[in-house]
Amino acid sequence: TRRKSTATVGARSHSSLSISHASSSYSHGNYDWVEPYPSTTSSGGAIDNAMAVASAVVSTTPTTTMTTTSSTKSDFSSTLTPTLPNNNDNNKFNTSKSLPIDNLPRRKSISEVLHNKQRKASVSRPTATDQDDFREYDRLQRQHYLLKSARKSNACAPIEKPTTIVDIGTANGIWALEMAAEHFNAQVIGIDIKPPTTHQQVTGPKNLSYVEADINDPLPLEDASVDFIFQRSMGTVIRKDKWCHILEEMFRILKPGGYIELIEQDLWHHNPGPVQNAFDTFMQEQCVEWGLDFAFTESLGIKIEETGFENLEYRQLDIPIGEWPKDAELKQFGFINKETRKLYLRNRKVFFMSNWGLSNEDYDLAVQEVLEEFEEYHGFTRFNCWIARKP
């Protein structure tokens with residue numbers, strides 16, 4: 001029997017994030033954003049149905065409620081307990097003797113293998129080929145439709161009749177493409193260091209264009225020329241010392257009264273199992289080496305306000321990973337979210353294997369266990385959304 005691993009949510013200061021040991025109950029995701037499914041008969045809606053599964057497994061502890069400011073955020077900690085293997089090879093032992101189970105040899109669990117691996121002293125960022133880009137674009141496409149379905153919209157900022165919309169870090173350009181079709185009187189500009197191909201630009205709407213630019217440099221747009229700026233999933237791209245610069249550039253090009261909307265997910269997983277915890281620990285170490293802020297979602301709201309934006313609105317969007325919720329809509333979202341995680345691990349296979357010194361077999365086993373842990377531990381992804389206005 002394996003003890004459940006958990007993530008505890010509580011009040012915390014804006015100090016650096018740490019992954020530590022804990023022995024508390026399940027972390028409850030915030031599912032208030034989900035509208036009750038038509039077939040739901042209980043008055044509690046989706047959140048009650050989703051949490052019924054977790055409540056049936058272990059006793060629960062209430063967590064802090066969602067806030068609309070950036071002054072209070074959540075704490076993250078997790079229990080790390082090795083997986084006990086199921087050794088069915090009885091030929092290794094003399095079954096005629098009664099041996100203490102502690103004395104029986106066993107294969108190390110994959111979580112122990114990962115934690116005991118000697119990582120390279122210096123790990124370079126993974127380089128992408130055209131094939132890698134295609135696979136990653138496919139993953140981002142699925143994540144786009146997941147977030148669009150969950151949020152019921154491509155944008156939540158109160159924009160009215162915008163004339164210029166900018167998508168920073170446009171990647172495959174799907175968000176910009178749909179916004180151009182939705183706001184046909186607005187000019188939509190997708191900015192990326194590697195924008196979509198010429199073929200995609202030709203077949204897109206006439207009011208859509210893509211610009212090749214490095215967001216670490218000044219943005220190639222005039223002062224006060226943009227009505228709405230959107231940015232999503234850039235936490236693993238923007239260095240810790242560049243966040244202020246990027247926000248200042250947004251402030252510069254935005255018209256007075258214009259809005260920004262940023263959607264970023266926590267780089268750690270909520271309610272991780274031991275194998276996922278090993279992956280999270282590794283990525284936390286690499287963020288330090290690459291100059292990234294592993295806990296940037298904890299302080300981004302403060303940086304937005306310090307830049308000069310006003311009317312800051314903060315929202316949390318917790319999406320299950322896996323089909324463990326009872327609510328039909330959450331189950332569907334969980335299935336898609338789990339597929340995006342599976343694609344991420346597949347796309348990063350060579351990177352993790354080379355830097356962890358893992359065999360192909362061990363990595364595939366680790367991925368399989370991670371996918372099973374999402375269901376067993378009721379894992380979920382927390383997407384954070386900030387909407388703010390330039391005075």
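**Close-up 1. Helix α9 on the sheet.** Helix α9, made of residues 328–347, lies across strands β7, β8 and β9 (380–389). Against β8, α9 runs at about 90°. Please keep in mind that this is a predicted model.

**Close-up 2. The open sheet beneath the helices is built from seven strands.** Follow the strands across and you meet them in the order β5-β4-β3-β6-β7-β9-β8, with mixed pairing. At the edges sit β5 (208–212) and β8 (310–320), each of which pairs on one side only. From one strand to the next, the twist averages 15°.

**Close-up 3. Strands β6 and β7 run parallel.** Here residues 226–232 form β6 and residues 254–265 form β7, and six bridges join the two strands. For a handy landmark, look for Ile-229, whose bridge partner in β7 is Ile-260. Helix α6 (residues 243–253) lies across both of these strands and also across β3 (164–168). Relative to β7, α6 runs at about 145°.

**Close-up 4. Helix α9 packs with helix α11.** Two packed helices are described by the angle between their axes and the distance between the axes. For α9 and α11 (residues 360–376), the angle is about 160° and the axes are 11 Å apart. Angles over 145 degrees count as roughly antiparallel, so α9 and α11 are roughly antiparallel to each other. The crossing of α9 past α11 is right-handed. On the α9 side, the contact is made by Lys-338, Arg-341, Lys-342 and Leu-345. Helix α11 contributes Tyr-363, Val-367, Val-370, Leu-371, Phe-374 and Glu-375. Sorted by type, the residues of this contact comprise six nonpolar and four charged, with no polar ones.

**Close-up 5. Leu-371 is a residue of helix α11.** Is Leu-371 buried or exposed? Its relative accessibility is 9%, and because buried means under 20%, Leu-371 counts as buried. Leaving aside residues up to four places away in sequence, Leu-371 touches Lys-338 and Lys-342. Try finding Gly-273 as well: its C-alpha atom is separated from that of Leu-371 by 9.8 Å, although the two residues are 98 residues apart along the chain.

**Close-up 6. Helix α10 and the glycine just after it.** Helix α10 covers residues 349–356, and its buried residues include Phe-351, Phe-352 and Met-353. Asn-355 and Trp-356 of α10 are buried too. Just after the helix comes Gly-357, which takes a positive phi of about 70°.

Methods:
Residues numbered from 1 in each chain as written. Predicted model: local features only at pLDDT ≥ 70, side-chain atom pairs only at ≥ 80, totals over all residues. Heavy atoms only, no water. Pairing = 2+ DSSP bridges. Helix = DSSP H or I, 4+ residues; strand = E, 2+ residues; numbered from the N terminus. Axes fitted to C-alpha atoms, helices over the stretch in contact; angles between N-to-C directions. Contact = heavy atoms within 4.5 Å. Parallel < 35°, antiparallel > 145°, perpendicular 65-115°, else oblique. Left-handed = near helix turned anticlockwise from the far one by under 90°. Nonpolar A, V, L, I, M, F, W, Y, C, P; charged D, E, K, R; others polar. Buried < 20%, exposed > 50% of the residue type's maximum accessible area, 1.4 Å probe, protein only.
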